[in-house]
Amino acid sequence: MLEAGTQYLQVVGPLYGFFGLGQVLHFALQGAWRLFWPVIGNLARLVVASLGGWLALRWGMAFVVYGLVITATIAGGA
C-alpha cells in the first residue's frame, strides 16, 4: 500500500497544482457570473480522462487541461 501510494503521489502529485489553479479561477469566475469557460474546462477534463484514460493515469493530463483552459480564460480577459 505504501509503495502504491508513493508511486501515485510521484506521478500525480506535481500536477495537483494545475487542478488547484483551475479551482481557484473557477470560483473567481463563478463570483463574476461567467461560468461558460469553467464548464468547458471541466468538460475538457472529462474528455481527456475518458478518452485518454491511459494518459490521464500515466501523466495526469486531465488536471493539466483543466488548469490551462481556465487560466487561458482569465488571461484572455473573461
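**A first look at an all-helix model**

Hi everyone. The surface that this protein exposes comes to about 5300 Å², and carbon and sulfur atoms supply 72% of it. Please keep in mind that what you see is a predicted model.

Let's start with the overall build. The secondary structure comes to 5 helices and 0 strands, so reading along the sequence you get the pattern α-α-α-α-α. The protein has 78 residues, and 24% of them count as buried.

How do the contacts spread along the sequence? Take those between residues at least 6 apart in sequence: 69% of them join residues at least 24 apart.

Here is one pair of residues you can find for yourselves. Gln 23 sits in helix H2, which covers residues 16–31. In sequence, Gln 23 and Gly 67 are 44 residues apart, yet in space their C-alpha atoms are 7.9 Å apart. And how covered is Gln 23? Its relative accessible area is 27%, and because that lies between the 20% and 50% cut-offs, Gln 23 counts as partly exposed.

Now to the aromatic rings. How many aromatic pairs does the structure hold? There is 1. The partners are Phe 36 and Trp 37, with ring centres 5.1 Å apart. Why is the pair called edge-to-face? The planes of the two rings stand at 80 degrees, and over 60 counts as edge-to-face.

These two residues also have their own surface values. Phe 36 is exposed because its relative accessible area, 55%, is over the 50% cut-off. Trp 37, at 40%, is partly exposed.

That's my tour, thanks for listening!

Conventions:
Residues numbered from 1 in each chain as written. Predicted model: local features only at pLDDT ≥ 70, side-chain atom pairs only at ≥ 80, totals over all residues. Heavy atoms only, no water. Helix = DSSP H or I, 4+ residues; strand = E, 2+ residues; numbered from the N terminus. Buried < 20%, exposed > 50% of the residue type's maximum accessible area, 1.4 Å probe, protein only. Contact = heavy atoms within 4.5 Å. Areas by Shrake-Rupley, 256 points an atom, 1.4 Å probe, with all protein chains shown as cover. Phe/Tyr/Trp six-rings, centres within 6.5 Å; stacked < 30°, edge-to-face > 60°.
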